[in-house]
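Thank you all for coming; please have the sequence and the model open in front of you, and I will walk through a few places one after another.

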Amino acid sequence: MKRIAVLGSGPVGQALADGFLKHGYEVMRASREPGKLHGWKTAAGPKAQVGTFAEAARWADGVVLAVKGAAAAEAIALAGPASLSGKTVMDATNPIADAPPQNGVLRFFTDLDESLMERLQKQAPDARFVKVFSCVGNAFMVNPAFPGGPPTMFICGNDGGAKADVRTVLDQFGWEVADMGTAEAARAIEPLCMLWCIPGFRQNSWGHAFKLLRVS
Ligand SMILES: NC(=O)c1ccc[n+]([C@@H]2O[C@H](COP(=O)([O-])OP(=O)(O)OC[C@H]3O[C@@H](n4cnc5c(N)ncnc54)[C@H](OP(=O)(O)O)[C@@H]3O)[C@@H](O)[C@H]2O)c1
């Protein structure tokens, strides 16, 4: 992957777009209103472009999905499933419901038998979805520096080639990778967002990431 579409005008889109630029990729950041990203484009330099979801999906050879979870299906429809065909889609979304957290625990609009990513994979069956970046705050997505060394990014998806693409990105972005298997594993990975946010909501503590420890 050399040309990355970042579907998302929020903080995740910004962090990942800047990260891909830092590592030498070309980036087109997308919004329903691309005009609001012109300030970012000017600051980001010659390898940065902005466009609509459809323009970015057509142009790219790899895609980041970083939109509000409840709007993810709409964003995929706007991008156009045909334009995503055969492309690695790095899915950072979480299915956070509008209802407020309960004692610091986020509510999801999915259940444990179907993740958001599985729904999106069914919507765009020829896209190669990989769950990634969903279990950490945007401040740590690119080259995080923790005293305990590189944290672990949990990923999953049905296509081995797409996961190899994502491993390459995660190596550059300073992460260890734990591949949890097929798309169904997103049922377990997406709720890590709930766990990650609890210290934030309860103690205003947002400076952490997960690490998987192994005996060998
Ligand atoms: N914030 C974090 O640190 C963090 C960490 C891990 C994962 N995540 C997940 O990453 C995703 C992005 O989070 P975020 O905080 O950067 O931003 P966000 O506020 O959750 O999402 C903003 C994006 O959603 C799009 N959007 C909203 N309604 C839409 C609709 N009806 N149709 C199409 N697109 C729509 C917006 O598009 P327009 O530009 O067109 O308005 C914008 O690009 C979320 O799913 C979140 O759960 C967030």
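Let me begin with a question: are F20 and F173 buried or exposed? Before I answer, please keep in mind that what you see is a predicted model. The answer is that F20 is buried, and F173 is buried as well.

These two residues belong to the aromatic pairs, of which the structure holds 6. In this one, the ring centres of F20 and F173 are 4.9 Å apart and their planes stand at 55 degrees, so the pair counts as tilted, a word that needs an angle that is neither under 30 degrees nor over 60. The pair links distant parts of the chain, since F20 sits in helix 1, residues 11-22, while F173 sits in the loop between helix 7 (160-172) and strand 8 (176-179), 153 residues apart. F20 and F173 also form one aromatic cluster together with Y25 and F133.

Another aromatic pair is made by F201 and W206, and this one is edge-to-face, with 5.4 Å from centre to centre and 80 degrees between the planes. F201 has a relative accessibility of 40% and therefore counts as partly exposed, and W206, with a relative accessible area of 33%, is partly exposed too. A ring can also be met by a charge, as at W40, where the charged end of R29 sits over the ring, 5.2 Å from its centre.

Let me turn now to K87, which is placed in the loop between helix 5 (81-84) and strand 5 (88-91). What is the nearest side chain of opposite charge to K87? It is D61, 7.8 Å away, and K87, although buried, has no salt bridge, for which the charged atoms would have to lie within 4 Å. A polar atom of the K87 side chain does, however, lie 3.0 Å from the backbone oxygen of S83. If we leave aside the neighbours within four places in sequence, K87 is in contact with A57, R58, A60, D61, A127 and R128.

From a single buried residue I move to a helix. In helix 6, residues 116-123, the buried residues are L116, M117, E118, L120 and Q121. Their cover comes from several elements, including strand 4 (62-65), helix 4 (72-79), strand 5, strand 6 (128-131) and helix 8 (186-189).

For contrast, please look at P46, in the loop between helix 2 (38-44) and strand 3 (48-51). P46 has a relative accessible area of 87% and is therefore exposed. P46 and V27 are 19 residues apart in sequence, and their C-alpha atoms are 9.7 Å apart in space.

I will finish with the backbone at two asparagines. N143 has a positive phi of about 50 degrees although it is not a glycine, and N143 is found in the loop between strand 6 and strand 7 (152-155). With a relative accessible area of 28%, N143 is partly exposed. N204 likewise has a positive phi, near 50 degrees, and is a residue other than glycine. Where is N204 found? N204 lies in the segment after helix 9 (192-203), and at 62% relative accessibility N204 counts as exposed.

Methods
Residues are numbered from 1 along each chain as its sequence is written. This is a predicted model: local features need pLDDT of at least 70, side-chain atom pairs count only at pLDDT 80 or more; totals for chains, interfaces and linings use all residues. Side-chain values use heavy atoms; hydrogens and water are left out. Helices (H or I, at least four residues) and strands (E, at least two) are DSSP runs, numbered from the N terminus. Buried means under 20% relative accessible area, exposed over 50%, partly exposed in between (1.4 Å probe, protein chains only). Lys and Arg count as positive and Asp and Glu as negative; His and the chain ends are not counted. A polar contact is a pair of N or O atoms within 3.5 Å; within protein, one must be able to donate a hydrogen and the other to accept it, and residues adjacent in sequence count only if both atoms are side-chain atoms. Contact means heavy atoms within 4.5 Å. Rings of Phe, Tyr and Trp (its six-membered ring) pair if their centres lie within 6.5 Å; planes under 30 degrees apart count as stacked, over 60 as edge-to-face and the rest as tilted. A charge sits over a ring if NZ of Lys or CZ of Arg is within 6 Å of the ring centre and within 35 degrees of the ring normal.
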